[in-house]
Amino acid sequence: MREQRRKDAVWKFLTYSFILVMTVAMMVPLYWMIVAATLPQEEFIQFPPRLYPGTHFFENFAVLHAETEFVVSIWNSVFIAVVYTVLSVLLCSMAGFAFAKYEFRFKEPIFYLILATLVLPIQLLVIPLFLMMSQIGWMDTFRAIILPWLANPIGIFLMRQNMRSIPDALLESARMDGATEFQIFYRIALPAMRSSLAALAIILFLFQWDLFLYPLVILESSANYTIPVALSGLEESRRINYDQIMVASSLAIIPLAILFLVLQKQFVSGILAGSLKE
Amino acid sequence: MARIDITDLVKVYDSGDESIVAVEDLDLGVKDGEFLVLVGPSGCGKSTTLRCIAGLEDVTEGSIHFGDREVTDLRGSERDVAMVFQNYALYPHMTVRQNIGFGLKLSSSLPSAEIAERVESVAEMLGITPLLDDKPKELSGGQQQRVALGRAIVREPAVFLMDEPLSNLDAKLRAEMRTELQELQHDLDVTTVYVTHDQTEAMAMGDRIAVMNDGILQQVGPPEDVYRSPANEFVATFIGSPSINLLTAEVDGTTLSGPAGFTYELSNPEPVEGRSRVRVGVRPEDITLVKGGSNRATVSVVEPMGNENFCYMELGEHELTARIDPTLRPQAGEEVAFAFDESALYLFDVDTGEALKTKTDAVAAGIGTEAR
């Protein structure tokens, strides 16, 4: 009995130590980014590095602001990601609902075809999309950034899996109550999927937020740059402006942090959804 | 309110290259205000029939009328029916109030004040007023059941459809709700089709019961008629608990001789005339243990029920069940003699299972018994 308890305690200690080490390993770059954002460029490259924040943040920010349109880029990124997330969540959940709850011809083949598109890397799609966008005159527009990715296969897959857990009787009951198919979708299915929707929203938001190569090809004027594109512009050919990159990166994580804080509760329960029988 | 007429209903499920006939040539009429119970083993087509009436399934052939109105091709919401599902199917994100009012809000043009009023009065009728602002997950099984009923009642439909609504409740609550549901149906006087696999429930609740097997309607009638005069061996076996005793006997003039030395002398051999073999059935309550007699069986188990004992006996390979007086306690292994009246005897065709003779003993009309 006592032996077992000691064994448990040792295991617990080891487990927590491991988690602690991993957490620190992940937090260090983040911390360093914030510290570096407060240092002048000379101090950034000195050795040993300075490990506590300096006072140069606003100076660095002022330079960044003067030389680039970074604040505009943040707004661009937020705008694109928000519009994309809202539209894509709607589209993916509608497709997922249809695949989970309706019977139609070639349902399975179509679904697997959609899944199969997951193997196509973005790099492969960039050139055909570029050609398409330049032909229809959508170069340097936000809609060219948003539209091609709306039907997201991961999103459709995720929503289909979750929608399947909605009991058919619930939908039939609504049908008997006189609900139209669309009312069944948005008044019964969607509210039942709240946590999955939050998880999906975060995944889609992050996907669009991190998109780099495609916007780099499509967006031409710096007033339209998204954050990753603007950041890359700070790497000049002969000099990398670490101070400004760090300030910009620090600012860029703020919207993400806000999004995650807002959706955190739903996100966690969404990941766990279906793991426990209620 | 409406009568329901189902004519030549066929429902076939096509799944790729094989097709399953769930309901075959069903003809069934439900009278206005009647409580009809569809009963049968699982997979017999009773739920499919209900879903066809509800409009949740397309019918393959045949027609369904509510009164004079043909509803065969109407959507469920256009048929003026309300359905109670086995697992209640309450909307999890809505309060009880919203659950009950949802259908009215969508399908009627009633002003919201009127809807609120009707929800309140239904809740009061069902005794769930204090729960109106709770979510379904905060309710007990019995309370959820009431909300599901409330959702059906509030719409004041022409027809109630219930798909095993009591099967998720524990035994005591089920018995309570059974009575309550009957009273409610009686008060509201709405035509009701009720599906169950539980023959006790069917017997207790139905004005008439319809027994189904393998997609085919076997018999429709008042519970007592179905019990006393089953159309065939399946109905006789399915209705009644414990189940009817059955064995195959050779016919020799007026004598039936079965396994392990079982013999029975018929005073009226007319039903078995011209037959060499016949299926013999006796209800457990009609078997009595006697002092002396030629038919003997070995007691295997006696289950005391308090008010009576179930005595399981072996007659050769066959098992017999008798409901006997609680003061009688035969011991396991003991050999006992048994007897039954000819009026209580059932006879069925060996091949088709069709009934040749059913109970003919008199039913006394008197206090609490309906004269027939």
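This briefing walks through the overall build of chain A, its two domains, its contact with chain B, and the nonpolar core. The model is a predicted one. Chain A is built from 14 helices and has zero strands. The largest nonpolar core counts 156 residues, and the side of chain A that touches chain B draws most on helix α9(A).

**Overall build of chain A**

- Following the sequence of chain A, you pass through the pattern α-α-α-α-α-α-α-α-α-α-α-α-α-α.
- The radius of gyration of chain A is 24 Å, whereas a compact globule of 278 residues would have one near 19 Å.
- Taken along the principal axes, the box filled by the C-alpha atoms of chain A is roughly 75 × 70 × 30 Å.
- Buried residues make up 29% of the 278 residues in chain A.
- If you take the contacts in chain A between residues at least 6 apart in sequence, 76% of them join residues at least 24 apart.

**Two domains in chain A**

- The domain assignment splits chain A into domain 1, covering 1–65, and domain 2, covering 68–272.
- The centres of these two domains of chain A, taken over C-alpha atoms, are separated by 30 Å.
- Where the two domains touch, domain 1 of chain A supplies 14 residues and domain 2 of chain A supplies eleven residues.
- On the domain 1 side, the elements giving two or more residues are α1 (2–37), α2 (41–44) and α3 (57–67) of chain A.
- Helix α3(A) has the largest share of that side, with six residues.
- By character, the domain 1 side divides into eleven nonpolar residues, three polar ones and no charged ones.

**Where chain A meets chain B**

- The contact takes in 14 residues of chain A and 16 residues of chain B.
- On the chain A side, two helices give two or more residues, namely α9 (168–176) and α10 (181–192).
- Of these, α9(A) gives the most to the side that touches chain B, with six residues.
- The chain A side is made up of eight nonpolar, three polar and three charged residues.

**A closer look at helix α9 of chain A**

- The buried residues of α9(A) are Leu170(A), Leu171(A), Ser173(A), Ala174(A), Arg175(A) and Met176(A).
- Their cover comes from both chains: it includes α4 and α10 of chain A, along with α1 (46–54) and β6 (81–84) of chain B.
- After α9(A) comes Gly178(A), which has a positive phi, near 95°.

**The largest nonpolar core**

- In soluble globular proteins, nonpolar side chains tend to be buried together.
- Here the largest nonpolar core has 156 residues, and Leu38(B) and Leu161(B) have the most contacts inside it.
- Helix α4 (residues 70–101) of chain A is the element that gives the most to this core, contributing eleven residues.
- Beyond its neighbours within four places in sequence, Leu38(B) is in contact with Lys46(B), Thr49(B), Leu50(B), Val193(B), Tyr194(B), Val195(B), Ala210(B) and Met212(B).

**A helix to look at in chain B**

- Helix α2 of chain B spans residues 96–107, and its buried residues are Val96(B), Arg97(B), Asn99(B), Ile100(B), Gly101(B), Phe102(B), Gly103(B) and Leu104(B).
- The cover over the buried residues of α2(B) includes two helices of chain B, α3 (112–126) and α4 (141–153).

Definitions and conventions:
Residues are numbered from 1 along each chain as its sequence is written. Chains are lettered from A and ligands numbered from 1 in the order in which they are written. This is a predicted model: local features need pLDDT of at least 70, side-chain atom pairs count only at pLDDT 80 or more; totals for chains, interfaces and linings use all residues. A nonpolar core is a set of buried Ala, Val, Leu, Ile, Met, Phe, Trp, Tyr and Cys residues joined through C-beta atoms within 7 Å. A residue is buried if 20 or more other C-beta atoms lie within 10 Å of its own, exposed if 12 or fewer, and partly exposed in between; C-beta atoms are placed from the backbone. Helices (H or I, at least four residues) and strands (E, at least two) are DSSP runs, numbered from the N terminus. Two residues are in contact if their C-beta atoms, placed from the backbone, lie within 7 Å. Ala, Val, Leu, Ile, Met, Phe, Trp, Tyr, Cys and Pro count as nonpolar, Asp, Glu, Lys and Arg as charged, and the others, Gly among them, as polar. The radius of gyration is taken over C-alpha atoms; the globule rule is 2.2 Å times the number of residues to the power 0.38. Domain bounds come from an automatic or database domain assignment.
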